[in-house]
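Colleague: Hi! I have a new model open and could use a friendly tour. Can we look at it together?
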Amino acid sequence: MTTPLLEVRGLEMHFPVKEGLLLRSRIFNRAVDGVSLQIKPGETLGLVGESGCGKSTLGRCIARLYQPTAGSIVFNGRDITRLKPRELRPLRQDIQMVFQDPMESLNARHTVGDILEEPFIVQRLHSPAERRQRVAELLNIVGLPARSASRYPFEFSGGQRQRIGIARAIALNPKLIICDEPVSALDVSIQSQILNLLIELQQEFGLSYLFIAHDLAVVKHVSDRVAVMYLGKIIETADSDTIYRAARHPYTKSLIEAIPVPDPHRKISRQVLSGDVPSPINPPHGCAFHPRCPEAQDQCRQKAPTLQALSEGHWGSCHLIYPPV
Amino acid sequence: MALLEVAQLATEFATDEGVVRAVDDVSFDVEAGATVGIVGESGCGKSVTALSIMRLLPQPAGRIAGGSIRFQDHDLTTLSLPEMGQIRGRKIGMVFQEPMTALNPVHTIGRQLTEGMLLHKACGPRDVLRAAANLLDRVGIPSPDIRLGEYPHQLSGGMRQRVVIAMALSCRPDLLIADEPTTALDVTIQAQILELIKDLQAEMGMAVVMITHDLGVIAETCDQVVVMYAGKVAECGSVFDIFDRPAHPYTRGLLDSIPRLDTIPKSRLGVIEGMVPGLLDLPAGCRFENRCPFVVPACGEQAPSLAQIEGQHSVACSRWQQL
């Protein structure tokens, strides 16, 4: 068995909710509430869930943009959970992020050349001439003309800007890239260009991805394994084929059923999930999914389920799907 | 005669760099009770088409430069504003993409919901609150009486979109225009909203124009489909024509580029190379020419017009017979 590149155990990120006259925090937003996962070298772990399920927060904790409140993150054999800002800088070479909105994540006042050179300057790598050489290489890798270096982000389309964001992320030859909804803001014909690029880069450079998105079809396409999140917890995880063909958790099943299928012959009658995602500030007792679950029973209201192995590599967190003891 | 007949519609915007024709020679019909989808990518003119029908183009920049929009016995392009006010909201309802911007944050749900009903006298002032509560109940909002006194920020995104739908339906319109009604919502909420629109349509017998970039939504909800590209209709036909027998290279490219749940993971997706041309420097010939894998020199010379393939299936491509 290969050793994982990333190992997350019992990760929690509880944001204090300030309220009252003295802004004291008595309650917490449990955005990420006990998540464990692994990513192997060269592997893509897809993370899906609806807005507010904590998937972006989890990604940001792993990139150590947030300081998690509990749990551990071990990257390449080293515990990075409590690294200080100064100690984090070398880590940034190995873990990079691609964000959803390339317009907001690229500095509008810098040229593309400046943006792509900055990682090298921060890490004190290369001479100025070498840096410009690297920028030209990066632009070539992501399929942009070399003259783009002297232009500004607004001069590019959404898809091209996302290519710039990807070029910046791969500049320092990272081992892990956290892609937070990298194609959600793009049109379908552009979306497939970016997905192909991400897959090619992975094959060429042996990258690992944590691929965060709300679109299960997209996630399934790029991922080796998929984890489904609901209200701060992973409720099912399996390899991407299994999650689509043999999902067990009622939430995963309804998530798959809810996807509109681009085939007019399949006029399916689906079980539409009622209600909204509850607030992570005051999650329901027992299983967090029980108020919306079509199969909820008494035990679901009383006892929170834990993630248990259903079969080889397939884990689920639901009282109704555990194998008999 | 169809309920709505859009013919050779052209809509222009005055910009600093010159006049931009965002919708150019767009024609389609909507039969009573039917659902017509308009699909295309950002900037293809699908929302501008909707705003033209509603006569809600941003003023003074936007104007309808040509063509006609026949709805029942009126040509909407020539109606005066007061006459249009009688149709808008009463005969044609509209659902916008962003439920937060479509609702006024400083008015209660009740006030916004009853405004149209009172204006169009769909309901007397005494019964209007009860009618509004019934509507909220109908669109699946729990405890509607309490919600009527609440403000938009107190509702979730899905609930807000239900309110917007309730507003659009408050006067029982004959036509509902839904502009990306579920794009801002999560998939499970999207499924709820699409189901709701379908149920209400069956119940009230209204026609729906569904504007979206999501081919899945189109396949699930529509009878007829109009595929738009750079301001023009690229292809139109029944939903089966479009998905089973796509004739335009753009439609084919779109269908190939979406990852489906049954495609092989990490396989290469189809792509449409390049980008949509800017509306200020459109090519003289076919607008898809710079991205088309089947392009021949003749494509750059003359813009193809919509040619009938069979029945209602038409395509704007000069090479469709050879492809």
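**A walk through chain B**

Modeller: Sure! Glu203(B) and Arg138(B) join their side chains in a salt bridge, with 2.8 Å from N to O. Keep in mind that this is a predicted model.

Colleague: How many salt bridges are there between domain 1 and domain 2 of chain B?

Modeller: The count between these two domains of chain B is one salt bridge. There are also four residue pairs in polar contact between them.

Colleague: Which element gives the most to the side of domain 1 that touches domain 2?

Modeller: That is helix 8 of chain B, with nine residues.

Colleague: And where do the domains of chain B run?

Modeller: Domain 1 of chain B covers 4-91 + 173-315, and domain 2 covers 99-172. Their centres, taken over C-alpha atoms, are 29 Å apart.

Colleague: What area is buried between the two domains of chain B?

Modeller: About 1500 Å², and carbon and sulfur atoms give 64% of that. On the domain 1 side, Pro173(B), Leu196(B) and Met204(B) lose the most area to domain 2, together 29% of what that side buries.

Colleague: New topic! What is the order of the four strands in the open sheet of chain B?

Modeller: The order is 2-1-4-5, with antiparallel pairing. Strands 2 and 5 of chain B each have a single partner strand, so one side of each is left without a neighbour in the sheet.

Colleague: Which residue stands opposite His74(B) of strand 5?

Modeller: Phe71(B) does. Strands 4 and 5 of chain B pair over two bridges.

Colleague: Which strands does helix 1 of chain B lie across?

Modeller: Strands 1, 2 and 4 of chain B, and helix 1 runs at about 105° to strand 1.

Methods. Residues numbered from 1 in each chain as written. Chains lettered and ligands numbered in written order. Predicted model: local features only at pLDDT ≥ 70, side-chain atom pairs only at ≥ 80, totals over all residues. Heavy atoms only, no water. Pairing = 2+ DSSP bridges. Contact = heavy atoms within 4.5 Å. Axes fitted to C-alpha atoms, helices over the stretch in contact; angles between N-to-C directions. Domains from an automatic or database assignment. Buried area = accessible area lost by both parts, 1.4 Å probe. Salt bridge = Lys/Arg side-chain N within 4 Å of Asp/Glu carboxyl O. Polar contact = N/O pair within 3.5 Å; in protein donor to acceptor, adjacent residues only side chain to side chain.
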